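Dear colleague,

Please find below the structure that I am handing over to you. My notes on what was found in it follow directly after.

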Amino acid sequence: MLRHSERKYRAVTAVQRHLNRLTRSLPTHTLLETTGRTSGLPRRTPIGGSRVGDSFWLVSEFGERSQYIRNIKANPRVRVRIRGRWHDGTAHLLPDDDAVARLRSLPRMNSAAVRMVGAALLTVRVDLDG
């Protein structure tokens, strides 16, 4: 029998697969582009977060189980589309950061959704290239 957290993970990721197709096509939605760790192809994931100076901050709701986190671990070079403009950068996983506190500083709607569905929060900082 599946544990509650596993059922939750499967349900959320199934819904996200369908929603992500739609939100990836919205020109102003924030996207994270990683390189597929197996395929080497670009993988785009709609995300919520916030730019602070030369960094972009986000919180992964499923931590190291998220496919984009696994891709970052294999290759931290990423691109972030913010307000329709792409920025190159390097992603850093910050397991020691207080992800719940970090969510308080990020946009409310996304933060509420991450808190609601999240099981293993993980903070990510993307240092954007000059």
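A convenient place to begin is a single pair of residues: L31 stands opposite R81, which belongs to strand β5. Strand β5 covers residues 77–82, runs antiparallel to strand β1, and is joined to β1 by three bridges. Please keep in mind from the outset that this is a predicted model.

**Confidence**

The mean pLDDT of the chain is 84, and 71% of the residues reach 70 or more. Confidence is highest in strand β6 (residues 85–94), with a mean of 98, and lowest in helix α1 (residues 4–25), with a mean of 58. Where pLDDT is low, the predicted coordinates should not be read in detail.

**Overall architecture**

The chain contains four helices and seven strands. From start to end of the sequence, these elements follow the pattern α-β-β-β-β-α-β-β-α-α-β. Of the 130 residues in the chain, 39% are buried. The exposed surface comes to about 7,900 Å², of which carbon and sulfur atoms supply 52%. Among contacts with a separation of 6 or more, 65% are between residues 24 or more positions apart.

**The sheet**

How are the seven strands ordered in the sheet? They form an open sheet in the order β2-β1-β5-β6-β7-β4-β3, with antiparallel pairing. Strands β2 and β3 stand at the edges and have a single partner strand each, so one side of each is left without a neighbour in the sheet. On average, neighbouring strands of this sheet are turned by 35° against each other, direction ignored.

At one edge, β2 (residues 42–46) pairs with β1 in the antiparallel sense over five bridges. Within this pairing, L32 has T45 of β2 as its bridge partner. The two strands form a hairpin with six residues between them, and G40 in the turn has a positive phi of about 80°. Strand β1 (residues 31–35) is mostly covered, as four of its five residues are buried.

At the other edge, β3 pairs with strand β4 (residues 55–60) in the antiparallel sense over three bridges. Here R51 has F56 of β4 as its bridge partner.

**The helix across the sheet**

Helix α2 (residues 67–74) lies across β1, β2, β4, β5, β6 and β7, and runs at about 50° to β1.

**The nonpolar cores**

In soluble globular proteins, nonpolar side chains tend to be buried together. The largest nonpolar core in this model has 15 residues; L32, F56, L58, I72, V80, V124 and V126 are those with the most contacts inside it. Two or more residues of this core come from each of β4, α2, β5 and β7. Which element gives the most to this core? It is β7, with four residues.

L32 and F56 thus appear twice in these notes: both are listed for the core, while L32 is bridged to T45 and F56 to R51.

Leaving aside residues up to four places away in sequence, L58 touches I47, G48, G49, Y68, L106, L122, T123, V124 and V126. Apart from the largest core lies another core, of six residues, including W57, V59, A99 and L103.

I suggest reading the sheet with the structure open beside you, and then turning to the cores.

With kind regards

Conventions. Residues numbered from 1 in each chain as written. Heavy atoms only, no water. Buried < 20%, exposed > 50% of the residue type's maximum accessible area, 1.4 Å probe, protein only. Contact = heavy atoms within 4.5 Å. Areas by Shrake-Rupley, 256 points an atom, 1.4 Å probe, with all protein chains shown as cover. pLDDT = per-residue confidence, 0-100. Pairing = 2+ DSSP bridges. Axes fitted to C-alpha atoms, helices over the stretch in contact; angles between N-to-C directions. Core = buried A, V, L, I, M, F, W, Y, C linked by side-chain atoms within 4.5 Å.
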